[in-house]
Amino acid sequence: AREMNGKNGSKKWIERAIECKDEFVKLSVSASTWNFENKSFLLQAEEHFCSRNFELAETLYDAAISSSKIHKFVNEEALANELAGHFYLETGRRNRSVHYFSQAFEKYNEWGAVAKANTLIEYLDESER
């Protein structure tokens, strides 16, 4: 949904993404809260990023990272850090994005996703140009 933001028809896709996120949140409450908490935070962060509510998005990205760490979901901690990195880069805060991309790089490597970790370095290098 984030990449559709600002393009023709994007409002429809963003509304659909929000509906799906809301259904996911309902499902997670009835299932295993601790298992879905970080995912819910991350979906909400992305929603607020698309809505340009950057202050709340920041809080939710950090909550997703923290929840992933507490529950030892290394892959999801990596993803939350990566998306937070994109958020900060796309909102003009490159220095802050580097911290989150570095954390994502470490967590992807810890998880064994070395190729994915290396794409972050390439992406960050390309974004400097």
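Select Asn38 and show what surrounds it: Asn38 touches Ala64, Ser67, Ser68, Phe73 and Glu76, leaving out residues up to four places away in sequence (contact means heavy atoms within 4.5 Å). Asn38 counts as buried because its relative accessibility is 2%; buried means under 20% relative accessible area, exposed over 50%, and partly exposed in between, with a 1.4 Å probe and protein chains only. Before going on, note that this is a predicted model, where local features need pLDDT of at least 70, side-chain atom pairs count only at pLDDT 80 or more, and totals for chains, interfaces and linings use all residues. Residues are numbered from 1 along each chain as its sequence is written, and side-chain values use heavy atoms, with hydrogens and water left out.

Now widen the selection to helix H2, where Asn38 lies. Helices here are DSSP runs (H or I, at least four residues), numbered from the N terminus. Add H3: H2 spans residues 33-50 and H3 residues 54-70, and they pack at about 160° with their axes 8 Å apart. Those axes are lines fitted to C-alpha atoms over the stretch in contact, and the angles run from 0 to 180 degrees between N-to-C directions. That makes H2 roughly antiparallel to H3 (the label applies to angles over 145 degrees). H2 passes H3 in a left-handed crossing, with the near helix turned anticlockwise from the far one by less than a right angle. For side chains to show, try Phe41, Leu42 and Phe49, which are among the H2 residues at this contact, and Leu60 and Tyr61, among those from H3.

Next stop: H4 and H5. Their axes come within 7 Å and cross at roughly 160°. That makes H4 roughly antiparallel to H5, and H4 passes H5 in a left-handed crossing. The residues that meet here include Leu79, His86 and Tyr88 in H4, and Tyr100, Phe101 and Trp111 in H5.

Finish on H6, residues 114-128. Its 15 residues reach 22 Å from first C-alpha to last, close to the 21 Å expected at 1.5 Å a residue; the expected span is 1.5 Å times one less than the number of residues. Color Ala117, Leu120 and Leu124, which are buried in H6. They sit on the same side of H6 because they cover an arc of only 45° around the axis, taken from the directions from the helix axis to the C-beta atoms. The buried residues of H6 pack against H4 (74-90) and H5 (94-111). Rotate to the face turned away from that buried side, and you'll find the exposed residues Ala115 and Glu126.

Key
Helix = DSSP H or I, 4+ residues; strand = E, 2+ residues; numbered from the N terminus. Parallel < 35°, antiparallel > 145°, perpendicular 65-115°, else oblique.
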